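Here are my notes on the model you sent, set out as numbered points. Please read them with the structure open beside you.

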Amino acid sequence: MASMMQPQIILLKEGTDTSQGKAQLVSNINACMAVADVVRTTLGPRGMDKLIHDEKGNTTISNDGATIMKLLDIIHPAAKILVDIAKSQDSEVGDGTTTVVLLAGEFLKEAKPFIEEGVHPQNLIRSYRTASNMAIEKVKELAVSIEGKSLEEKKSLLGKCAATTLSSKLIGGEKEFFAPMVVDAVLAIGDDDRLNMIGIKKVPGGNMRDSFLVNGVAFKKTFSYAGFEQQPKKFVDPKILLLNIELELKSEKENAEIRLSDPAQYQSIVDAEWNIIYDKLDKCVKSGAKVVLSRLAIGDLATQYFADRDIFCAGRVAEEDLQRVAAATGGTVQTTVNNVIDEVLGSCEIFEEKQVGNERFNIFSGCPSGKTATIVLRGGADQFIEESERSLHDAIMIVRRALKNSTVVPGGGAIDMEISRFLRHHARTIQGKSQLFINSYAKALEIIPRQLCDNAGFDATDVLNKLRQKHALPSGEGAPYGVDINTGGIADSFANFVWEPAVVKINAINAATEAACLILSVDETVKNPKSESAQGDAAASAMGGRGRGGGRGRGMRRR
């Protein structure tokens with residue numbers, strides 16, 4: 001009786017939502033599985049695309065896992081972890097973003113029945129970590145190195161890696177065309193790690209095969225003044241002067257005041273202004289440069305002055321384009337025209353202005369340092385070109401990784417099946433419950449070949465049985481066998497040149513296991529009511545402040 005009289009202890013603010021225990025964990029797992037289901041159908045060469053429409057009315061068509069995850073406005077706290085691993089996979093390796101989300105979702109799906117039956121999550125986590133380490137060791141063991149090959153062989157190997165990545169993208173039909181282009185672009189920048197040294201310029205119109213690679217820099221013609229038409233549009237071995245100054249008559253500041261006693265003196269002030277600009281232009285001409293580029297404006301006077309002396313000039317060049325020209329031509333951006341010496345001038349074999357579609361492009365090719373390349377992309381619709389750019393970005397990242405780490409593994413679900421077989425085999429040697437957990441981890445890895453079959457419209461069970469039988473051969477000759485997307489059977493992925501860098505798989509397994517363990521280790525979610533309504537108020541005031549009225553903040557979600 002005395003125990004019933006005890007007062008209730010209130011710890012948390014009224015309205016705080018706490019959910020804990022098994023139900024909470026299962027709910028988190030369900031949320032993550034729902035996110036994985038969104039990108040599930042985008043995996044592989046026969047994957048479908050997603051059309052995402054945001055609140056601003058922009059449409060994006062993509063089948064890149066990371067792009068889709070970024071554009072989905074996910075508010076579930078546990079499911080956000082999957083968005084993070086997709087982003088980290090994208091920034092670290094560039095490809096395999098759908099794979100990593102799928103694996104994490106599948107690990108959790110396999111863990112769910114154990115959790116419901118009352119297994120402690122820490123036991124699962126321990127087994128998953130062990131399995132993950134063993135899987136990564138196995139990937140390293142199965143990887144084939146491409147070190148020590150000649151440049152030609154390396155090029156063809158890297159081309160195969162690029163083609164494998166591109167085959168699952170929107171431009172997969174043209175992978176034979178784009179793969180060598182990507183490899184050339186990556187080899188052009190050499191050991192330079194800065195990805196912005198590869199420029200991708202988009203020009204609507206034409207078809208994809210009109211795209212081309214410039215071994216140097218290409219950028220859109222900038223705004224120009226009268227006199228521009230008279231300038232030569234092609235030079236062989238020109239000297240290039242890069243500036244960060246304005247070459248036009250400067251108007252005085254608003255509050256400048258000059259007092260004159262004699263009107264004749266006014267002319268001398270005007271003359272002084274003209275002399276300053278003419279002096280600058282004269283120094284540019286004397287430097288021997290035939291192409292003058294500036295980040296700031298080059299006025300009509302300067303344009304005409306250069307045109308009379310057969311010099312090409314372009315003002316208001318974008319910062320990144322100017323930096324790429326500097327890297328390619330070996331020039332240095334100057335902030336003054338005084339004392340311009342030969343060392344700061346850049347050079348290239350050919351400079352020309354060319355018509356591409358309905359745009360004019362300034363193209364510098366045959367650059368001495370060759371530390372940069374530009375891909376000019378053509379295509380019908382804007383969304384299509386945007387998606388092509390994302391696809392090429394993934395392929396460029398993959399080729400860079402393959403160059404750096406130089407080990408590849410068979411794709412098409414072959415490596416996943418082999419690790420799955422290895423883990424199942426290992427699980428039989430373990431006593432206790434962890435045998436079940438490692439077995440479920442091995443089963444989860446089969447989602448990759450299974451999903452590849454589902455997306456291509458094949459019978460997944462049939463193909464997986466064939467694969468299991470092939471991988472179980474004692475000689476180990478079945479290790480490189482994966483799904484053959486073209487016939488619906490199985491094929492040697494190595495022989496078919498379906499390759500991916502080992503680092504993609506290692507990173508994906510690592511990140512997916514970490515994410516799954518993190519979600520399994522959460523047993524309680526506390527939702528603070530104040531912070532949620534505060535967010536709503538802030539969003540409402542921000543919306544109202546934009547003159548849209550009636551703040552459309554998120555506020556409290558309906559339960």
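1. In this predicted model, the largest pocket is lined by 50 residues, and those that lie nearest its centre are Pro45, Thr164, Thr165, Ser167 and Val498. Its volume comes to about 970 Å³, and by class the lining divides into 17 nonpolar, 21 polar and twelve charged residues.

2. As to where the lining comes from, α6 gives the most, with eight residues, while the elements that contribute two or more residues also include α4 (97-116), α7 (175-189) and α16 (502-520). At least three lining residues are drawn from each of domain 1 (17-145 + 410-521) and domain 2 (151-210 + 381-405).

3. Helix α3 (residues 80-92) packs against helix α11 (residues 382-405) at an angle of about 60 degrees, and the two axes are 9 Å apart. Asp90, Ser91 and Glu92 of α3 meet Asp394, Met397 and Arg401 of α11 in this contact, whose residues comprise one nonpolar, one polar and four charged.

4. An open sheet of four strands follows the order β7-β14-β13-β8 with antiparallel pairing, and its edge strands, β7 (216-220) and β8 (234-236), each pair on one side only. Direction ignored, neighbouring strands of this sheet are turned by 25 degrees against each other on average.

5. Within that sheet, β8 pairs with strand β13 (residues 350-356) over three bridges in the antiparallel sense, and Val236 stands opposite Ile350 in β13. Helix α10 (residues 319-329), for its part, lies across β7 and β14 (359-365) and runs at about 155 degrees to β7.

Definitions and conventions:
Residues are numbered from 1 along each chain as its sequence is written. This is a predicted model: local features need pLDDT of at least 70, side-chain atom pairs count only at pLDDT 80 or more; totals for chains, interfaces and linings use all residues. Side-chain values use heavy atoms; hydrogens and water are left out. Axes are lines fitted to C-alpha atoms, for helices over the stretch in contact, and angles run from 0 to 180 degrees between N-to-C directions. Contact means heavy atoms within 4.5 Å. Ala, Val, Leu, Ile, Met, Phe, Trp, Tyr, Cys and Pro count as nonpolar, Asp, Glu, Lys and Arg as charged, and the others, Gly among them, as polar. Two strands pair if DSSP finds at least two bridges between them. On a 1 Å grid over the protein atoms alone, a cavity is a set of points where a 1.4 Å probe fits but cannot get out, and a pocket is an open set with protein on both sides within 12 Å along at least five of seven lines; lining residues have an atom within 4 Å of a point. Grid points are joined across faces, edges and corners, and a volume is the space filled by probe spheres set on the points. Domain bounds come from an automatic or database domain assignment.
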